[in-house]
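Here is a walk through the packing and the empty space in this one. Have the viewer open as you read.

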Amino acid sequence: MADDEQDIILSELNDEELTLQMHDDLYDGLKDEIMEGVNILLERGWTPYDILTRTLVEGMGIVGIDFRDGILFVPEVLLAANAMKSGMSILKPLLIETGAPRLGRMVIGTVKGDIHDIGKNLVAMMMEGAGFEVTDLGINNAVENYLEAIERDQPDIVGMSALLTTTMPYMKVIIDTLVEKGIRDDYIVMVGGAPLNEEFGKAIGADAYCRDAAVAVETAKELIARRHNSVGS
Amino acid sequence: MTRRGGRTARLQSRAAAPVSRGPLDVDTLTHQRANIGAGRVALIACGALAREILAVNRANGAEHFALRCLPAILHNHPEQIAPAVEREISLAKSDGYEEIFILYADCGTGGALDEVCRRHDVARLPGPHCYAFFEGVEQQATRQEVTSFYLTDFLARQFDTFVTKPLGLAAHPELKDLYFGNYERLVYLAQTDDDGLTRKAESAAETLGLRFERRFTGYGDLATALSGL
């Protein structure tokens, strides 16, 4: 970026301009600018939930689309995610205080034998941003870890991630265990990870395969809504 | 009002393609297709294996192979490997090759490469990735080294191209822990005794903040597979 392009003063922008600039700053992974933007909007009386959804979540949606389309690559997505995280660090306590809407609860982890957590961390953050309560089990999780967290947190959604073709079959071990215990249908099971695809998700008995974090959020919302509708009918 | 940047600025700043310096140049093998030899058996291979395949064939005095390499960088987009191999199989068939062997492991394709092999009735190397067949598929499976990051001779040479640059570590070293924070050790699986490559691999471990281990493997199951063709 050329020097003459850096003369912008965020506080002088109107709400619409600032929102668009924050989308672009998020896209460019500019942490400090995102924090500044969040604070400006709070001072202007925006609710934490509106800031989260209209600037951060919407901005990460653009990042997600361009990652899917091969315009952005992993490092750029991570920098954007870090910028979002910095904004979230301001908003999270305020969201709890103001009782922002909660869409549901999710338990998520990378499965046994796998230590890769970039995608899983992105999903966890985006789900939190979208209004889900997330329990992150971390990496290398045996089925026992999932069962313990499911019993403790009573989630709506169980999420599993794997990067390796050697570890992705373990997702089926977890789903089969849920089936054996007669609790499979109590939860929405979502899976993701670079080597997976829709066919694999179906074959192991998951409810959905999610290609990326943005898709995971949309899928989760849709499946939760469908579930509520079926309970209500 | 000035600073916008974002998507528009990024699309305008994308760079150009690399230049070839001969079929065995590592940059050529990384980014381009390469055909070497004109024997009766077509070997469709990952460019990362070209030098090792030729070394084994030289040692075996095998001259009946035509090596057709696909760009090694496909490994950074494993979903592209199976379609690329399938296209190359069709090309080899249209060039008159009846015997074809695939010198790839599963390589992160999640079984998609096996589907291609089944469709065309051709075989591939054993195991999930090249680390496994260099060390020996069975041997590596028993090690259970989930916190090890592997390099081969090719990857030690091309560490910047496959790791530092695509992961943005040169420009953003702060991302290192996000990528490698869960790893403990870098294991260099050496196909050859080359002090220069060992130094490169050691320096890669240092860059990533990982313990270093060198393990000499030779050509492992790759040599066995080629000897049987």
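Let's start at helix 6 of chain A, where the cover over the buried residues includes strand 1 (104-110), strand 2 (132-136), strand 3 (157-161) and helix 7 of chain A. Keep in mind that this is a predicted model. The buried residues of helix 6 (residues 143-153) are A:Val143, A:Tyr146, A:Leu147, A:Ala149, A:Ile150 and A:Asp153. In general, an α-helix has 3.6 residues a turn, so residues three or four places apart point the same way. Just past the end of helix 6 of chain A, A:Gln154 adopts a positive phi of about 45°.

Which residues does A:Thr177 touch, leaving aside those up to four places away in sequence? They are A:Val143 and A:Leu147, both of which are among the buried residues of helix 6 of chain A. A:Thr177 itself sits in helix 7 (residues 170-180) of chain A. Its relative accessibility is 14%, so A:Thr177 counts as buried.

**Cores**

Nonpolar side chains tend to be buried together in soluble globular proteins. Here, the largest nonpolar core has 79 residues, and B:Val85, B:Leu103, B:Tyr104 and B:Phe149 have the most contacts inside it. Apart from that core lies another, of 52 residues, with A:Ile8, A:Ile90, A:Val217 and A:Ile224 among them. Back in the 79-residue core, B:Leu103 is a good one to click on. Not counting residues up to four places away in sequence, B:Leu103 touches a list of residues including B:Leu43, B:Ile44, B:Ala45, B:Cys46 and B:Leu49. B:Ile53, B:Leu125, B:Leu222 and B:Leu226 are also on that list.

**Empty space**

Rolling a probe the size of a water molecule over the atoms shows where empty space is left. Two such spaces in the model are set side by side below.

| Space | Volume | Nonpolar lining residues | Polar lining residues | Charged lining residues |
|---|---|---|---|---|
| Second largest pocket | about 330 Å³ | 8 residues | 3 residues | 5 residues |
| Largest cavity | about 30 Å³ | 5 residues | 2 residues | 2 residues |

Take the pocket to begin with. The second largest pocket has 16 lining residues, and A:Ala81, A:Lys85, A:Asn121, A:Leu122 and A:Met125 lie nearest its centre. Helix 4 (74-98) and helix 5 (118-130) of chain A are the elements that give two or more residues to this lining. Helix 4 of chain A gives the most, with 7 residues. Domain 1 (1-101) and domain 2 (102-233) of chain A each supply at least three residues to the lining of the second largest pocket.

Now the cavity. The structure holds 1 cavity of 30 Å³ or more. A:Tyr49, A:Leu52, A:Leu95, A:Ala100, A:Pro101, A:Arg102, A:Glu128, A:Gly129 and A:Gly131 line the largest cavity. Helix 3 (48-68) and helix 5 of chain A are the elements that give two or more residues to that lining. Where does the largest cavity lie with respect to domain 1 (1-101) and domain 2 (102-233) of chain A? Both domains give residues to its lining, so the largest cavity lies between them.

One lining residue, A:Tyr49, is worth a closer look. A:Tyr49 belongs to helix 3 of chain A. Is A:Tyr49 buried, partly exposed or exposed? Its relative accessibility is 29%, so A:Tyr49 counts as partly exposed. Leaving out residues up to four places away in sequence, A:Tyr49 touches A:Leu95, A:Ala100 and A:Pro101, and these three also line the largest cavity. The C-alpha atoms of A:Tyr49 and A:Lys92 are separated by 9.4 Å, with the two residues 43 residues apart along the chain.

Terms used. Residues are numbered from 1 along each chain as its sequence is written. Chains are lettered from A and ligands numbered from 1 in the order in which they are written. This is a predicted model: local features need pLDDT of at least 70, side-chain atom pairs count only at pLDDT 80 or more; totals for chains, interfaces and linings use all residues. Side-chain values use heavy atoms; hydrogens and water are left out. A nonpolar core is a set of buried Ala, Val, Leu, Ile, Met, Phe, Trp, Tyr and Cys residues joined through side-chain atoms within 4.5 Å. Buried means under 20% relative accessible area, exposed over 50%, partly exposed in between (1.4 Å probe, protein chains only). Contact means heavy atoms within 4.5 Å. On a 1 Å grid over the protein atoms alone, a cavity is a set of points where a 1.4 Å probe fits but cannot get out, and a pocket is an open set with protein on both sides within 12 Å along at least five of seven lines; lining residues have an atom within 4 Å of a point. Grid points are joined across faces, edges and corners, and a volume is the space filled by probe spheres set on the points. Helices (H or I, at least four residues) and strands (E, at least two) are DSSP runs, numbered from the N terminus. Ala, Val, Leu, Ile, Met, Phe, Trp, Tyr, Cys and Pro count as nonpolar, Asp, Glu, Lys and Arg as charged, and the others, Gly among them, as polar. Domain bounds come from an automatic or database domain assignment.
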